[in-house]
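Colleague: Got a minute to go through this one with me? Let's put it on screen and start with the pockets.

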Amino acid sequence: MKTTVSTRGQVSIPSELRKKYHIEAETELEWIEEGNAIKVIPLPKDPIEAFRGAGKGRYTSDKLARDRKKERLEEEERDRKS
């Protein structure tokens with residue numbers, strides 16, 4: 001997608017991107033320079049709400065406990081064999 005910078009330095013954000021990333025009036029944007037590129041990151045109005053549920057389905061403490069138990073059993077088995 002292409003847009004043009006106005007003589008006042010303003011840029012229009014394509015409608016498709018505004019809808020997809022929930023960019024509306026008063027949304028703050030973070031501009032990050034990386035080498036020859038610029039990233040534009042929309043900042044959520046409520047950062048805590050935006051991250052709610054972000055860790056769902058990731059490595060949980062229950063999974064860690066199961067993995068550690070499995071590792072201990074494997075270590076015990078190796079110790080018995082040696």
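Modeller: Sure. One definition before we start: helices and strands here are DSSP runs, with strands (E) needing at least two residues and helices (H or I) at least four, numbered from the N terminus. And keep in mind that this is a predicted model.

Colleague: Fine. Which strands supply residues to the lining of the largest pocket?

Modeller: β1 (28-34) and β2 (37-43), and each of them gives at least two residues to that lining.

Colleague: How many residues line the largest pocket, and which lie nearest its centre?

Modeller: There are 14 in the lining, and V11, I13, P14, L17 and V40 lie nearest the centre. The space inside comes to about 360 Å³.

Colleague: What's the lining like by class?

Modeller: Eleven nonpolar residues, two polar and one charged.

Colleague: And the second largest pocket, what lines that?

Modeller: Y21, H22, E24, T27, P42, L43, P44 and K45. By class, that lining divides into four nonpolar, two polar and two charged residues. The second largest pocket holds about 150 Å³ of space.

Colleague: H22 caught my eye. Where is H22 found?

Modeller: In the loop between α1 and β1. H22 has a positive phi, near 55°, and it's a residue other than glycine.

Colleague: What sign does phi usually have in residues like that?

Modeller: Most residues other than glycine have a negative phi.

Colleague: Back to H22, then: buried or exposed?

Modeller: Exposed, because its relative accessibility is 63% and the cut-off for exposed is over 50%.

Colleague: What about E26, what's phi there?

Modeller: About 80°, so another positive value, and E26 is not a glycine. E26 is also found in the loop between α1 and β1. It counts as exposed because its relative accessibility is 73%.

Colleague: Switching topic: where does Q10 lie, and what does Q10 touch?

Modeller: Q10 lies in the segment before α1 (15-20). Leaving out residues up to four places away in sequence, Q10 touches T4 and V5. Q10 counts as partly exposed because its relative accessibility is 46%.

Colleague: Let's zoom out. What pattern does the protein follow along the sequence?

Modeller: α-β-β-α-α, which comes to three helices and two strands.

Colleague: How many of the residues count as buried?

Modeller: Of the 82 residues, 2%. The protein exposes about 8,100 Å², with carbon and sulfur atoms supplying 51% of that.

Colleague: And what share of contacts join residues at least 24 apart?

Modeller: 0%, among contacts between residues at least 6 apart in sequence.

Key: Residues numbered from 1 in each chain as written. Predicted model: local features only at pLDDT ≥ 70, side-chain atom pairs only at ≥ 80, totals over all residues. Heavy atoms only, no water. 1 Å grid on protein atoms, 1.4 Å probe; cavity = no way out; pocket = protein on both sides within 12 Å on 5 of 7 lines; lining within 4 Å. Points joined across faces, edges and corners; volume = space filled by probe spheres on them. Nonpolar A, V, L, I, M, F, W, Y, C, P; charged D, E, K, R; others polar. Buried < 20%, exposed > 50% of the residue type's maximum accessible area, 1.4 Å probe, protein only. Contact = heavy atoms within 4.5 Å. Areas by Shrake-Rupley, 256 points an atom, 1.4 Å probe, with all protein chains shown as cover.
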